[in-house]
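Trainee: Before I use a model in my own calculations, I would like to learn how its features are read, one kind at a time. Could you take me through an example?

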Amino acid sequence: MTIHYRVQGSLIVIFGNTYPVKLEIKNLGGRFEGVGKTWRIPLSDENLAKVGALCQSHGGGSMDPAALAPQQLPISLSERDLEVKNTEESLVVRALTVRQLLDQAYRVIQQSFTESFWIIGELQNLSSKASGMFFDLAEARDGEEESSRVFAQDASSFPGNKVQRTVSSATLTIRCVLWREALQAILQRRGQEASTSALQDGLKVALRCRVQFYRDRAQVSLVVEDLDPSYTKGALALQREKLLAELRAKGLDRANGKLDFPVFPFDVGLISAEGSRAYSDFTHQLESLGFPGRVWFVPSPMQGDGVPQGVVNALKELCAKKVDVIVITRGGGSAADLRWFDDPKIAYAIAQATVPVIAAIGHHDDRCVAEEVCYQRQKTPTAAADFLVGCFEGARRRIEDASHQLIRGMTRRRDGFVEETARLSEKIGTLAARALDSRKTQWLQLQNTMQRRCVDLLNQAQGVLQQQKNNIYLVASRQITRQKEQLSDWQQHLVQKDPRPWMAQGWTQLTTGQGQNVTRLDQVVVGQSLKARLLDGVLEVEVLGQVSRNSQSQPVTPE
């Protein structure tokens, strides 16, 4: 293995496979830096000469930029020269071997990344093994400028200043490894719960890493040395607040809370993972409390990438069933576990739901966006079941209180009505007797008046009826006379129009096939078919010729 060095300020930095010569380096006053796995020696001409000789004896040398130019690399041409011959001249092309190229790349990377650094990215394809954790650190780029935090070497300076970068529509990934020893150190230093919550697929993390280059595979990877869980938690909180602000601006943050909650929620829609503890806790609590309604269960993932779409589909299905209330429940978890319920799909689906939604995510400390926009939040599945049964209990108590108040009010009003009825009964009896005598007298007077009036009206009606009878007879006689005269005129007209007397004398009526009367010679042509009407039927005839208008005895022969 080779050893290299470079001059950095007032220090000589040595890196590479330094373990076999660590005693020699210590004798030169070297100090080992565990973070970057480098040795640092005070710069002097004597030390520089000794370090140069030491590195050269182990196949290495200086890593100063001037020493990295490809044209200055020592390349042996004994077997690696490519000879190109033609008829005029012979050319020798100097080329790098694969090993030389990878060695140069290794030296460049070692010289450029001598220390560990902070990097931000999204965890993908995370897998755990006995030796440690392996995953990809990705950066999804959408063509927009965004701020990225850069971290200094010293963890005390985290986070650092912001820089601007422009990203394209691709996704960059780099393979990372977190060895078991480093993971244990992070768990002890950062806290097991916080660190474990941050190391999940899909989360944005800040990692302290060092670059590792595998020459055999020409692969660059990152070896993780530290993790900052506070960055992941802050990123989740920032994303959550941004979504809540968007919902508030659109007036959707309390849209579900403004729905009318049913007095008796008999039909309850339940969204949870199938066979989960949250499902069993909720249903068993309802059963133990004697819930009188029905539970419509629609399973959905409660962990992982499938949560948002699963919950949205379940909400749509239950709203279509027209249930009274919908309960979304799971068995709690860390803030990172519950990040799926900060997804905009779930938030908008709850805000646009036509049914009140109760979120029983089961987390006491943090509130996810789904809990902020739902009708009501319950801490546990059991608490959600208690609340629903409590709705029936509350309604029953309200009905009983209203019943008691109604009975007391009706009793007071009944007693008052009884007293008032007795008093009015006596008064009504007296007034009724007086009114009855007065009404009787009025009725007798009215009876006499009506009798006289009826006789007068009857006499008047008989006179009017006789006069109308005479008028009707006179008008009818005139109408009959006019109708007789009109019928006589029609009869004479029909007699004049009747062709039968003319036909009896030998006359006939000619018509064309379309029913038009033929009265002139210019209406027909030779060969045309005509219909001749006789007394006993119709005769079809064909025109063979025409007789001249001037000489009726001379037929005209058709051409």
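Mentor: We will go from the overall composition to the strands, then to a helix, the salt bridges, the surface and the backbone angles.

Trainee: What should I know about the origin of the model, and how many helices and strands does the protein chain have?

Mentor: The origin comes before anything else, and this is a predicted model. The protein chain has twelve helices and 24 strands, and buried residues account for 33% of its 559 residues. The accessible surface comes to about 35700 Å², with 53% of that area belonging to carbon and sulfur atoms. As for how the chain meets itself, among contacts between residues at least 6 apart in sequence, 64% join residues that are at least 24 apart.

Trainee: How is a sheet read, and which strands stand at the edges of the open sheet of five strands?

Mentor: One reads the order of the strands across the sheet, and then the sense of each pairing. Here an open sheet of five strands runs in the order β3-β4-β2-β1-β5, with mixed pairing. The edges are taken by β3 (31-33) and β5 (61-62), and each has a single partner strand, so one side of each is left without a neighbour in the sheet. Within this sheet, strand β1 (residues 3-8) pairs with strand β2 (residues 11-16) in the antiparallel sense over six bridges, and the residue of β2 that serves as bridge partner of Y5 is I14.

Trainee: Is helix α9 enclosed by the rest of the structure or open, and what caps its N-terminal end?

Mentor: For the first point one counts buried residues, where buried means under 20% relative accessible area. Helix α9 spans residues 344-351, and six of its eight residues are buried, so the helix is largely enclosed by the rest of the structure. The buried residues are I346, A347, Y348, A349, I350 and A351. The N-terminal end is capped by D343, which has a side-chain oxygen 2.8 Å from the backbone nitrogen of K345.

Trainee: How many salt bridges does the count come to, and what can be learned from a single pair?

Mentor: The count comes to 15 salt bridges, and for any one pair it helps to ask where the two partners sit along the chain. E225 and R210 meet through their side chains at 3.2 Å, N to O. Since E225 lies in strand β14 (residues 219-227) and R210 in strand β13 (residues 204-214), the pair ties together parts that are 15 residues apart in sequence. A second case is R423 with E420, whose closest N and O atoms are 2.3 Å apart. These two are three residues apart in helix α11, which means that about one helical turn separates them. R423 is partly exposed at 45% relative accessible area, and E420 is partly exposed at 33%. Salt bridges can also share partners, and in this way R189, R190 and D226 are joined into one network. Another pair is K250 and E246, at 3.6 Å, N to O, with E246 partly exposed at 33% relative accessibility.

Trainee: Which residues form a nonpolar patch on the surface?

Mentor: A patch is read as a group of residues together with their joint area. V263, F264, F266 and I399 form such a patch, with about 350 Å² of accessible area together, and I399 belongs to helix α11 (residues 381-497).

Trainee: How should I read the surroundings of one residue, and what does V220 touch?

Mentor: One compares distance along the chain with distance in space. V220 lies in strand β14 and is partly exposed, with a relative accessible area of 33%. Leaving out residues up to four places away in sequence, V220 touches I109, I174, V211, Q212 and F213. V220 and Y106 are 114 residues apart in sequence, while their C-alpha atoms are 9.6 Å apart. For a buried counterpart, take T511 in strand β20 (residues 509-511), which has a relative accessible area of 15%.

Trainee: Why would a positive phi deserve a note?

Mentor: Most residues other than glycine have a negative phi, so a positive value is worth noting. N125, in strand β8 (residues 117-128), has a phi near 55°. K322 has a phi near 60°; this residue is found in the loop between α8 (307-320) and β17 (325-329), and at 68% relative accessibility K322 counts as exposed.

Methods: Residues numbered from 1 in each chain as written. Predicted model: local features only at pLDDT ≥ 70, side-chain atom pairs only at ≥ 80, totals over all residues. Heavy atoms only, no water. Buried < 20%, exposed > 50% of the residue type's maximum accessible area, 1.4 Å probe, protein only. Helix = DSSP H or I, 4+ residues; strand = E, 2+ residues; numbered from the N terminus. Polar contact = N/O pair within 3.5 Å; in protein donor to acceptor, adjacent residues only side chain to side chain. Patch = residues over 30% accessible without salt bridge, like charges linked within 9 Å, V, L, I, M, F, W, Y side chains within 5 Å. Areas by Shrake-Rupley, 256 points an atom, 1.4 Å probe, with all protein chains shown as cover. Salt bridge = Lys/Arg side-chain N within 4 Å of Asp/Glu carboxyl O. Contact = heavy atoms within 4.5 Å. Pairing = 2+ DSSP bridges.
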